[in-house]
Each structure stands twice: as structure tokens, then as C-alpha cells.
Amino acid sequence: MTATAIPPTGERYTIEELARRVGMSARNVRAHQARRLLAPPIRVGRTAYYDAGHVRRIESIKALQRQGFNLVAIDAILGTQNADADTDQLATLLQRLGLDHPALVYALMQHGVVGRADDGTVRTVRPRALRSALELRRGGVPTLPSLQILADVLDALRDRTDDLVRSTCRRLVDARRAPEGSGGTWEQLEQDTVVFTQCLVGLFTEAFRLTVENHGRTAAADLMAGPGDLDLDLDLDESQLVDNG
């Protein structure tokens, strides 16, 4: 391990110090690490140290839990981590974005992509969404337009998916068999709702992925080959949200 891998003294936390810092038991910190939701600590001699990246990660997990997501759903949203190498870069980007483009930050906050910590700093809530937008830089799209496109796409999808989700959910509920031994208690209802919601998310995620894969290559090729300025209209056709496979 190189010296640069060691966190600064002011950002070093033992597991007990980290637990106090985030208001969580050391047992829960270890559980998040075991699920690979939290990156491993950095070892200095025989002591394991956590840093500011671990604090931000746990704050993101807690924020999602307050919104009603369980750890399985949070794993799907945040992804498991072996390392958190680009967390600091994302944090720096968000702070600059908050100062220079507050309207864009607000738009992303409306979709739960970013949030504000108690001290007012902008923090990542759903890093997968941010990284997917920043991946557009590989295709030559600058950072700011990439994040604006993410916000616009989320706006377009939100306006068009409510009826589709509700109608599909109604069909699934009608087709669903109640689990054996279901007693109709509030606890059972809550557990069934969580499982059902996760299945619904998985269904729509893969259906939309398939639709984009089926149409995206042709659409991109046509636009790039076309003459004149490109008009990237984000007013998506409603049929694009349906799995046509």
C-alpha cells in the first residue's frame, strides 16, 4: 500500500468512530460492508480506517432507507462497491454544479439523483444515474449538456410512465396469487409490497433496456448521418416505453 492511499488524519475513522459519525451501530456498518454496499476500509498496520467517502456512502444508504427502499433495492440503485475511486470526483463536480448551475441541481434533486446534506453541500444519492450521464462524454458530449439531458429524459419519462406503471401494476395484482400462509397482517402486506415493487422495477428496467437496444442504434445512426443541425428531441414517443419484444 502506498502512502497516498492512507486517508488524511482528519478523515480517518475507526469502525466505532465511523458508527458514531453516521449514527449507526458498528454491526450495521459491518453488515453493509459484507453486502459490498460499502467499500473495504484502508488498513494501516493492524488498524482499519474509514474515510469521508465511506461517510458519504452511508449517508446515501440512509437517505434511500428514509425513502422506503430496503437494502436489496438500494443495492440495485447504488450498486455494490469494491472501491469508491471516483466518489471524490463526483463530489467535486456536484459542488461546482451547485454553485454555477443551481437550477440543474434542483432539477436532478426532483428525481432523487442528488440531494443536499445538512450543511448544504450537494451529495450523490443515485451515483449510477450520474455515471450513466457522464458516460456520454465518451461520445464527445460535454459534462453540462450530459447532465441536462439526464434531467430532461427523467422529466419526459416521469410524465409518460405513470399511467403505464399503474395499469401494469393493476394487471399484475389481478394475476397475483396470495402467498401461502399470508395472514393479511400489516407486516405481511409491507413485505409483499416491497417484493412486488422490486419485481415491478426489474420488469420495467429490462423492458425499457430492450426497447432502447432495439431502437437506439438505428436512431443514433440516422441522426449522425443526417444533414444539417441535429435536433435531439427528448419528447419521447410513448410507444418507446413498452416492451415490443
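## Close-up views of a predicted model

**View 1. Arg137 lies in the loop between H7 and H8.** This view, like those that follow, is taken from a predicted model. With a relative accessibility of 45%, Arg137 counts as partly exposed, because its value falls between the 20% limit for buried and the 50% limit for exposed. If neighbours within four places in sequence are set aside, Arg137 is in contact with Pro142, Thr143 and Ser146. With one of these residues, Thr143, the side chain of Arg137 makes a polar contact of 3.3 Å.

**View 2. The largest nonpolar core of the model has 16 residues.** The members that touch the most other members are Leu97, Leu108, Val114, Leu130 and Leu147. At least two residues of this core come from each of helix H5 (87–100), helix H6 (102–110), helix H7 (127–134) and helix H8 (143–175). H5 gives the largest share, 4 residues. A second core, of 12 residues, lies apart from this one; Ala19, Val22, Leu38 and Tyr50 are among its members.

**View 3. Leu147 is shown with its contacts in the largest nonpolar core and around it.** Leaving aside neighbours within four places in sequence, Leu147 is in contact with Leu93, Leu97, Leu104, Leu108, Leu130, Ala133 and Leu134. Three residues in this list, Leu97, Leu108 and Leu130, are named together with Leu147 among the core members that touch the most others.

**View 4. Leu154 belongs to helix H8.** Is Leu154 buried or partly exposed? Its relative accessible area is 23%, so Leu154 is partly exposed; the limit for buried is under 20%. Beyond four places in sequence, Leu154 is in contact with His111 and Val113. The C-alpha atoms of Leu154 and Ala107 are separated by 9.4 Å, and these two residues are 47 residues apart along the chain.

**View 5. His32 is a buried residue of helix H2 (residues 26–34).** The relative accessible area of His32 is 5%, and buried means under 20%. Which residues does His32 contact, leaving aside its neighbours within four places in sequence? They are Met24, Leu37, Leu38, Ile61 and Leu71. One of them, Leu38, is also a member of the core of 12 residues.

**View 6. Ala26 is also found in helix H2.** At 18% relative accessibility, Ala26 counts as buried, since the limit is under 20%. Outside its neighbours within four places in sequence, Ala26 is in contact with Ile15 and Ala19. Ala26 and Glu16 are 10 residues apart along the chain, and their C-alpha atoms are separated by 5.9 Å.

**View 7. Arg36 sits in the loop between H2 and strand E1 (42–44).** Arg36 is not a glycine, yet its phi is positive, at about 65°. Its relative accessibility is 40%, and Arg36 therefore counts as partly exposed.

**View 8. Helix H3 covers residues 52–66.** At 1.5 Å a residue, the 15 residues of H3 should span 21 Å, and the end C-alpha atoms are 21 Å apart, so the two values agree. Asp51 caps the N-terminal end of H3, with a side-chain oxygen 3.0 Å from the backbone nitrogen of Gly53. After H3 comes Gly68, which has a positive phi, near 100°. The buried residues of H3 are Ala52, Gly53, His54, Val55, Arg57, Ile58, Ser60, Ile61, Ala63 and Leu64. Ile61 is also one of the contacts of His32.

**View 9. Residues 229–245 have a pLDDT under 50.** For this stretch, the model has 26 contacts beyond four places in sequence. Where pLDDT is low, predicted coordinates should not be read in detail. Over the protein, pLDDT averages 77, and 77% of the residues score at least 70. Helix H1 (residues 15–22) has the highest confidence, at 93, while helix H4 (residues 71–78) has the lowest, at a mean of 74.

**View 10. The protein contains 9 helices and 4 strands.** Read from the N terminus, the elements run α-α-β-β-α-α-α-α-β-β-α-α-α. Of the 245 residues, 30% count as buried. The accessible surface comes to about 15900 Å², with 53% of it belonging to carbon and sulfur atoms. Among contacts between residues at least 6 apart in sequence, 63% join residues at least 24 apart.

Terms used:
Residues numbered from 1 in each chain as written. Predicted model: local features only at pLDDT ≥ 70, side-chain atom pairs only at ≥ 80, totals over all residues. Heavy atoms only, no water. Core = buried A, V, L, I, M, F, W, Y, C linked by side-chain atoms within 4.5 Å. Buried < 20%, exposed > 50% of the residue type's maximum accessible area, 1.4 Å probe, protein only. Contact = heavy atoms within 4.5 Å. Areas by Shrake-Rupley, 256 points an atom, 1.4 Å probe, with all protein chains shown as cover. Expected span 1.5 Å × (residues − 1). Polar contact = N/O pair within 3.5 Å; in protein donor to acceptor, adjacent residues only side chain to side chain. pLDDT = per-residue confidence, 0-100.
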